[in-house]
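This briefing is organised by topic, moving from the contact between chains to the strands and then to individual residues. Please keep the sequence and the coordinates at hand while reading.

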Amino acid sequence: MNNRTWMSRSLAGTAVMMLGFTLAGCGGGGGDASSRPENELHLAVYGDASNKVEQAMVDKFNETSDVKIVLDTIPGADYQTKLQTIIDTDSAPDIFFNWGGGSIANFVEADLLLPLDDFIEEDAQLKDAFLPSVFETAVIDDKSYGIPMRGTQPVMLFNNSEVLEQAGIDAPPATWDELLDAVEKLKAAGVTPIALGGADQWPTQMWFQYMFDRVAGEGLFQAALDGDTDVWESEESRKALGMLRELVDAGAFGTNFDSVKFTDGGSPTLLSSGRAGFELMGSWAYATHLDANPEFAENVLGYSEFPAIEGGEGDPDNLAGNTNNFYSVHKDTRYPEEAAEFLKLMYSDEFVQEQIAIGNLPTTTNTEQFLDEASNPEYAKYQFDLVKEAPHFQLSWDQAYPPEATVTIHTAVSQFFSGQIDEDGFIKAMQSL
Amino acid sequence: MTTLATRKRPAPGGSPQSRPARSGASSVGRPGFAWALPATIFFALFALVPLAAVAVLSFTSWSGLGDPKFVGLENWETLIADPVMLKSLWLSLLFIVLGVVTQTPLSILLGVWAAGNQRNRAVLSAIYFIPLLLSSAAISVLWRALLDPNFGIPGQLSWLFGDGNLLGTQSGAIGVLIFVGMWQFTPFHTLIYQGAAKGIPTVLYQAAAIDGAGMMRQFFSITLPQLRNTAITSIILMVVGGLTTFETVLILTNGGPGTDTTITAFYMYQEAFQSFDFGVGSAIALVLVVVATVISLVVVKVSGYDKMNSSLEGL
């Protein structure tokens, strides 16, 4: 064999081999328990300020256990991407943070998660210690896949009470008509009635979640999620869209909301600086304001439920937002018993107290007795009662659907608000899911 | 690596193909294939193999869970029928054209100026090059904050920007992305032109001055023609850079408003890593490879760069 052919053949051979390795690497590498590290449980969580409580729980667990838990924090915005790319490999975490619902539906379907019903059978507290409306979010096909951790985050209508007062609005709007009335008064007072971080897209989605729930009831979205896409064309759906259009066209959000973000402090600053009257936002808005402007958060910031809609199907006490975060357990974990022991810490008094101390609101039945320890007990109690009394707590649309639907939903809601698509365009986009 | 070792050793037994042992001047000549081996292996490992894997993936349906399933041409049919895909290609082309048109004149002028001997030149050049040292992500976050409609520059200059809804309209968002791209990449191209302008022999200018050519005439008749090949290099870099622009779009506009700034590279990311459809994402990636190759070939062919004529025209 001469040098040249030998060279090219070996090169080709190497290339083919590498291709083989690459493809094998792509394929489901999910092995069995024995390919996982010994005496270690990996715990993946969304990286943010809440991690110190998670670290404290891990430390507490590790004090008495031979199997040590290793906390892997994954920077927030990339969490779901990173999780999906490692979950079916040998590097998958044993226990991981998620939002329940659609965020784990694909994993359940791919048979990657451990149903927790056996754990619950041994220790009923793993289910009974949590508020039912929250626990249900991680139940798929009648099997429980998640134990609530961290806190609940309902979406509320925040307001700047000084701005409302100056515009002659006595109380936060309890009905849709009062909201429309307040919008007119705020416009007359020369401020943007409602701050909206439209560039982030998910704040826009919050308006759809509540409008559809109030006008059509919780059944419409659930039916759509279950595959009946005809409901998007229903009369109630069109009515909800029409009312949203009316609100946008009335100038409730000003004209430049598509350039404003919540995440970089744009829309919260509009509210706190008195240039806007309201903002519809998750309960974390309080912490955001407390961080940026404590004076405002404690004295001026007001909050109320999303207004009731006369003649609507939905219960005015229904909530929408992030019901809670959950820990789920990977099916291939080497130490299921230890994982169960760790999950039991999630309803312990110590865990609840630590969560409350950093401003989160856990959803255990023993939470109520510690609410006085919160930095703002009044706010904590208000939220807890909302969640406890809510007949239905709608998980955010982009988390109720599997992650692949997120781009479509976000694009549709923002295009509808900016007028790029009309009712039919929105209906078509949602039916494509 | 073993191949490299084998290749260098004199072949035992002296087969007809084996070269004589190297000695003195006889070894000077064209370097053998072995010299290219390390680069070839790295190129194969980090470019060709992934490219082949992406080509295979484009015929599969895969969400990252389980094994990829072969679906034939389904992804390609989806893409061809997808209005966003077509729109993203047009947007990518628009970004490339606008990028070249805005950055080239500016970098030529700055580069030629920076090649001179003026006072303060070194200090000012150093300041102009600062954007080159910043990461795209940092630049995008910076401009995002500066362009906030209520609390940024547009909020202060409402006579110019109106309600400041720059990122909420298609023309505004494209304008912002082109401007930020210009701010970020002009220093790099300035550097290229500066180097090239310094290489132009001064005798040409001296001769022109004797013939009575002024500054303008010298610039258009000597400097610009001498920078021809540099300009082609710079433009090819801009084209490839424009096609793969990603961080600025992700952070500044997230492809919005709607899909109005969803260029192909960003659409690839959205499909693969947000919608977890690695099959369609891979197909878009292949389209990008093809488009980039075709554009580069056309530029090289049209400009005569492939003939590699000396840039020292007139000498």
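Which side chains meet in a salt bridge at 3.6 Å, N to O? They are those of A:D264 and B:R144, and across the interface of chain B and chain A this is the single pair of its kind, since the rule finds 1 salt bridge there. The model discussed here is predicted, and the values below are computed from it.

**The interface of chain B and chain A**

- The contact draws on 45 residues from chain A and 41 residues from chain B, and the area buried between the two chains comes to about 3,600 Å², with carbon and sulfur atoms giving 62% of it.
- On the side of chain B, the residues that lose the most area to chain A are B:L65, B:F151 and B:F276, which together make up 18% of what that side buries.
- Polar contacts accompany the salt bridge, for the rule finds 13 residue pairs in polar contact across the interface, both residues being at pLDDT 80 or more.
- The elements of chain B that give two or more residues to the side touching chain A are α1 (2-8), α2 (37-57) and α15 (264-274), and of these α2(B) gives the most, with 7 residues.
- By residue class, the side of chain B that touches chain A divides into 19 nonpolar, 16 polar and 6 charged residues.

**The open sheet of chain A**

- In chain A, 5 strands form an open sheet with mixed pairing, and their order is β2-β1-β3-β12-β6.
- The edge strands of this sheet are β2 (68-75) and β6 (147-149), each of which pairs on one side only, while neighbouring strands are turned against each other by 30° on average, direction ignored.
- Within the sheet, strand β1 (residues 40-47) and strand β3 (residues 95-98) of chain A pair in the parallel sense over 2 bridges, and A:A44 stands opposite A:F96 in β3(A).
- Helix α3 (residues 79-86) of chain A packs on the sheet and touches β1, β2 and β3 of chain A, its direction making about 145° with that of β3(A).

**Further strand pairing in chain A**

- Strand β7 (residues 153-160) and strand β11 (residues 319-322) of chain A pair in the antiparallel sense over 2 bridges, with A:P154 standing opposite A:G321 in β11(A).
- Strand β11(A) also pairs with strand β13 (residues 393-395) of chain A, in the parallel sense and over 3 bridges, and here A:G321 stands opposite A:L395 in β13(A).

**Salt bridges and backbone details**

- Over all chains the structure holds 13 salt bridges, among them the one between A:D48 and A:R150, whose closest N and O atoms are 3.2 Å apart.
- What does this pair tie together? A:D48 lies in the loop between β1 and α2 (51-64) of chain A and A:R150 in the loop between β6 and β7 of chain A, so the salt bridge joins parts that are 102 residues apart in sequence.
- The backbone of A:R150 deserves a separate note, as its phi is near 55°, a positive value in a residue other than glycine.
- In chain B, the peptide bond from B:G256 to B:P257 is cis, with omega near 0°, and B:P257 lies in the loop between α14 (247-253) and α15 of chain B.

Key:
Residues numbered from 1 in each chain as written. Chains lettered and ligands numbered in written order. Predicted model: local features only at pLDDT ≥ 70, side-chain atom pairs only at ≥ 80, totals over all residues. Heavy atoms only, no water. Contact = heavy atoms within 4.5 Å. Buried area = accessible area lost by both parts, 1.4 Å probe. Salt bridge = Lys/Arg side-chain N within 4 Å of Asp/Glu carboxyl O. Polar contact = N/O pair within 3.5 Å; in protein donor to acceptor, adjacent residues only side chain to side chain. Helix = DSSP H or I, 4+ residues; strand = E, 2+ residues; numbered from the N terminus. Nonpolar A, V, L, I, M, F, W, Y, C, P; charged D, E, K, R; others polar. Pairing = 2+ DSSP bridges. Axes fitted to C-alpha atoms, helices over the stretch in contact; angles between N-to-C directions.
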